[in-house]
Amino acid sequence: MSGLRIDHVGKSFGMFEALKDIDLDFPDGKFICLLGPSGCGKTTLLRVIAGLETPTRGRILLDGTDISGLPAHRRNLGMVFQSLALFPHLTVGENIAYGLRIRGADQATRRRKTEELLDLVRLPGTADRQISQLSGGQRQRVAIARALAIDPKLFLLDEPLSALDAKLRETMQVELKLLQKRLGISTIVVTHDQREALTMADIVVVMNHAEVQQVGSPLDIYRNPVNAFVADFIGSSNLLTGVVGGEDGVIIVDGLPVQTEAGRALVRGTKASISIRPEEVLVHPGTETGPNHLPAKVTFVRDLGASVEIMLECSGREILAVSSPRTRPAVDTGDAVTIELPPAACVVLAS
Ligand code: ATP
């Protein structure tokens, strides 16, 4: 069986549970992002996979083999961790070839492999440069090349781009994704940046409080968040709490019926929330009636050039609507308006 299996892994530091029963299966060759807020256990999980931390419970299996007992250096991993800085006294080429040297590769192999990797990370001809002569982005590319030199089975990266400025970071996200696609190597990246995860991942693992909240493709997680935490953490979301009104998918929000497609399976009278993305909320000038039309007031309009954000108040709740400049409704701060919530865009979260 090929791929990585994280089999009911738990990790405690004294009385503190940093990981609670993590159970995940990843097929080979995928780009996986562990995503969650600070302290949720992402790095601990990566360190357990790497063999840098011993799990309190559970096992790690790679291609069906239990590797839990193997030390990090025998797991055939490429790692880009903040704690594994480049060696400042070695050249770029010596840094990249380091892993090959300690594995006994001859000089010709080391040279060929280093040149190949420098081409791959778009730094050709820099093997003799000193690390101190490189920019932050170039250093990160060298760190990636160094980790890949040993042809690892798994490529693990902990917040690899966090030290870079916003623009370079976005460029490197695309580069890293394309590089992984070309090499087809199973890759796990820890990040707390949802945009970064959505850019790079085939599979996103959303974590909170030492537990996995949801696993899925970026689109699936964005469109179908399983709970309020995921809905709010991935992109932004409007949350309307209410009560299930019947078997027809209606949720009663502040006495007003909101038709949903997803609420049909829920039992009448139970509490439920509707999550709807700002780009799905339609804003109509004035008072309009119709299904899923609710009265609201515009509290602020933010024209951001590429998009227009309309902040609204609806029955004491803040609602955000986003439109493009072309489809911008003719409304302004202080206007009484109507918001429309298309039933198909209303994700229902059981509470
Ligand atoms: P961040 O994004 O801030 O790095 P994270 O999700 O990667 O957060 P972890 O580093 O995995 O979080 O830490 C999870 C929790 O476990 C934190 O509360 C942290 O304080 C705790 N923790 C991690 N390592 C240790 C340790 N060696 N001893 C005690 N507690 C630890």
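1. **The open sheet.** One open sheet has 5 strands in the order 15-19-16-17-18, and their pairing is antiparallel. The model is a predicted one, so read each point below as a description of that prediction.

2. **The edges of the sheet.** Which strands stand at the edges? They are strand 15 (282–285) and strand 18 (317–323). Each has a single partner strand, so one side of each is left without a neighbour in the sheet. From one strand to the next, the twist averages 45°.

3. **One pairing inside the sheet.** Take strand 16 (residues 293–303) and strand 19 (residues 336–340). They pair in the antiparallel sense over 5 bridges. To see a bridge on screen, start at K297: its bridge partner in strand 19 is A336.

4. **The residues around the ligand.** Now turn to the ligand. Around it are F13, F16, A18, P37, S38, G39, C40, G41, K42, T43 and T44. Sorted by character, the shell has 5 nonpolar residues, 5 polar ones and 1 charged one.

5. **Polar contacts to the ligand.** Look at the atoms next. A polar backbone atom of C40 is 3.0 Å from an oxygen atom of the ligand. For G41, a polar backbone atom is also 3.0 Å from an oxygen atom of the ligand. K42 uses its side chain: a polar atom there lies 2.9 Å from an oxygen atom of the ligand.

6. **Cover and source of the shell.** How much of the ligand's accessible area does the protein cover? The ligand has 630 Å² on its own, and the protein covers 58% of that. Two or more residues of the shell come from strand 2 (16–26), and two or more from helix 1 (42–50). Helix 1 gives the largest share, 3 residues.

7. **Aromatic pairs.** The count of aromatic pairs comes to 2. One of them is F87 with Y98. Is this pair stacked, edge-to-face or tilted? The ring centres are 4.6 Å apart and the planes stand at 50°, so the pair is tilted. The reasoning rests on two cut-offs: planes under 30 degrees apart count as stacked, and those over 60 as edge-to-face.

8. **What the F87 and Y98 pair links.** F87 lies in the loop between strand 6 (77–80) and helix 2 (92–102). Y98 lies in helix 2. The pair therefore ties together parts that are 11 residues apart in sequence.

Methods
Residues are numbered from 1 along each chain as its sequence is written. This is a predicted model: local features need pLDDT of at least 70, side-chain atom pairs count only at pLDDT 80 or more; totals for chains, interfaces and linings use all residues. Side-chain values use heavy atoms; hydrogens and water are left out. Two strands pair if DSSP finds at least two bridges between them. Helices (H or I, at least four residues) and strands (E, at least two) are DSSP runs, numbered from the N terminus. Axes are lines fitted to C-alpha atoms, for helices over the stretch in contact, and angles run from 0 to 180 degrees between N-to-C directions. A residue is near a molecule or strand if one of its heavy atoms lies within 4 Å of it. A polar contact is a pair of N or O atoms within 3.5 Å; within protein, one must be able to donate a hydrogen and the other to accept it, and residues adjacent in sequence count only if both atoms are side-chain atoms. Accessible areas come from the Shrake-Rupley method with a 1.4 Å probe; for residues, only the protein chains shown count as cover. Ala, Val, Leu, Ile, Met, Phe, Trp, Tyr, Cys and Pro count as nonpolar, Asp, Glu, Lys and Arg as charged, and the others, Gly among them, as polar. Rings of Phe, Tyr and Trp (its six-membered ring) pair if their centres lie within 6.5 Å; planes under 30 degrees apart count as stacked, over 60 as edge-to-face and the rest as tilted.
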